[in-house]
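Got a new protein chain on your screen and not sure where to start looking? Here's a quick briefing to walk you through it.

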Amino acid sequence: MRSIWNGAISFGLVSIPVKLMNATENHSISFRQIHLADGGRIRYRKVCELDEREVSGAETGKGYQDPDGTVVPITDEDLASLPLPTAKTIEIEGFVPASAVDPLQLDSAYYLAANGVSAGKPYALLREALRRSEKVAVAKYALRGRERLGMLRVVDDVIALHGLLWPDEIRGPEGVAPDTDVRIRDAELDLADALMNTLGEADLDTLHDDYREAVEELVAAKAAGEPVEPEGEEEPGGGKVIDLMAALENSVRAAQGSQGQDDGEVADVHPIESGRAASKRGGGGGGTEKAGGAAAEGRGSKARGAKGAGPKKEASDEAGGPAGTKKASEAREPAAKKKAAAKKSSTGTTTAKRSPAKKSPAKKSPAKKSSAGKASAAKSAASESSAKKKTAAKKTAAKKSSSGTRRDASGTSSRPARTRTSA
């Protein structure tokens, strides 16, 4: 790189010879003014307005014009005679944290290189001191005929000089903020945060000037004689925002779509409803539907059991309960035990079949009662009544046989007395 200024950094009593080089370059495309009739270039000539003739560069000089129009000539010798200690020196005034420098003050940027072999060690000393302290140096220097304010900081292994605007050159922001009192809701801030997270961090190395590339393509097409087709007009990005929330949601979706994310929807937040309200609305969850279906089925089975209870049902209860309520262990009993239990309960079962039991109204007692206790009580009562009736039948038969009247004892003995049982 070509140096544009040679001087020294004044670091106390240490002088560091340096060369100043531009750290930036301008890539913008410049145009020439031409004559449309013949394409000739338009040039500006220096013409004196008093005698109306063109003057050369040797005949031109500097002058300061007063507010009343008077021009005061200023020569280069006059400027050179001014006491300007920063004419060839970068004077370090002090050190401050980098955060103390307002980015609005940043101007042009330069690289400082050590000028000569002897300048290598003091140059590295200042660089490492700035790196370890994590501070920047504030300095004054003169360039292009004026004194400027600058900041020295470390970039990789190089000391960089940033030109700064003087504090009185920074305008205040008075009258720039919105005049009206604007209130921002938390929901809007949440969507703004979601949009920021979706856009992510900016990779500055991948950013480039799209307009400059389009201009270069246009110039190349014109030079080759190719027709230039105007591109379609893009939708304006600015304008009046009607619905801020909708604009934020659409921005999040657009950012997700541009980054190739599949889920481009923004979740809606709804209040949580109770189960009763959800069942009325018909939008309850799967768990609510299952619970409601189970409850309905239980009520239906209970009603069916209350209406359809008949003699067979009561007989099965007297015999030891329905077969569906038997335990799995009883189903695995030996066949001999089952036969014995069947013989013992045959008397009670036959009695229950011949005499249909009266239907008892369904009570609100607990559904599960001890069926084994009922069965044993019924068996004992049936056996006692049977023995008594057999004895009475024999006596009656003997008396009737003596009187010539014969009655069927078996029919009498087989008719059991009605006994009422409460469920």
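Below you'll find the overall picture, and then a few spots to zoom in on.

Keep in mind that this is a predicted model. The chain is built with 13 helices and nine strands, and 15% of its 423 residues count as buried. A search of the whole structure turns up 10 salt bridges, along with one aromatic pair.

**The chain as a whole**

- The chain exposes about 33,900 Å², and 54% of that area is supplied by carbon and sulfur atoms.
- Now for contacts: take those between residues at least 6 apart in sequence, and 60% of them join residues at least 24 apart.

**A hairpin to find**

- Look for strand E3 (residues 62-65) and strand E4 (residues 71-74), which run antiparallel and are joined by four bridges.
- If you start from Tyr-64, its bridge partner in E4 is Val-72.
- The hairpin of E3 and E4 has five residues between the strands, and in this hairpin Gly-69 takes a positive phi near 100°.

**The aromatic pair**

- Which residues make up the one aromatic pair? They're Phe-11 and Phe-95, with ring centres 6.3 Å apart.
- Their ring planes sit at 75°, which is over the 60 degrees needed, so the pair counts as edge-to-face.
- This pair links distant parts of the chain, since Phe-11 belongs to strand E1 (residues 3-11) and Phe-95 to strand E5 (residues 89-97), 84 residues apart.
- Is Phe-11 buried or exposed? It's partly exposed, because its relative accessibility is 25%, and the cut-off for buried is under 20%.
- Phe-95 is partly exposed too, with a relative accessible area of 40%.

**Salt bridges**

- Glu-54 and Arg-45 meet through their side chains in a salt bridge, at 3.7 Å from N to O.
- Why does Arg-45 count as exposed? Its relative accessibility is 58%, and anything over 50% is called exposed.
- Glu-54, at 44%, counts as partly exposed.
- Arg-53 has a salt bridge with Asp-51, where the side chains meet at 3.2 Å, N to O.
- Arg-53 also forms a salt bridge with Glu-59, and here the closest N and O atoms are 3.5 Å apart.
- How accessible are these residues? Arg-53 is partly exposed at 40% relative accessibility, Asp-51 is partly exposed at 41%, and Glu-59 is partly exposed at 49%.
- Elsewhere, Arg-127, Glu-128, Arg-131 and Asp-157 are joined into one network by salt bridges that share partners.

**A nonpolar patch on the surface**

- Val-182, Ile-184 and Leu-189 form a nonpolar patch on the surface, and together they have about 270 Å² of accessible area.
- Where does Leu-189 sit? You'll find Leu-189 in helix H3 (residues 186-199).
- Leu-189 counts as partly exposed because its relative accessibility is 42%.

Note on methods:
Residues are numbered from 1 along each chain as its sequence is written. This is a predicted model: local features need pLDDT of at least 70, side-chain atom pairs count only at pLDDT 80 or more; totals for chains, interfaces and linings use all residues. Side-chain values use heavy atoms; hydrogens and water are left out. Patches are made of residues with over 30% relative accessible area and no salt bridge: like charges are joined within 9 Å, nonpolar side chains (Val, Leu, Ile, Met, Phe, Trp, Tyr) within 5 Å. Accessible areas come from the Shrake-Rupley method with a 1.4 Å probe; for residues, only the protein chains shown count as cover. A salt bridge is a side-chain nitrogen of Lys or Arg within 4 Å of a carboxyl oxygen of Asp or Glu. Helices (H or I, at least four residues) and strands (E, at least two) are DSSP runs, numbered from the N terminus. Buried means under 20% relative accessible area, exposed over 50%, partly exposed in between (1.4 Å probe, protein chains only). Two strands pair if DSSP finds at least two bridges between them. Rings of Phe, Tyr and Trp (its six-membered ring) pair if their centres lie within 6.5 Å; planes under 30 degrees apart count as stacked, over 60 as edge-to-face and the rest as tilted. Contact means heavy atoms within 4.5 Å.
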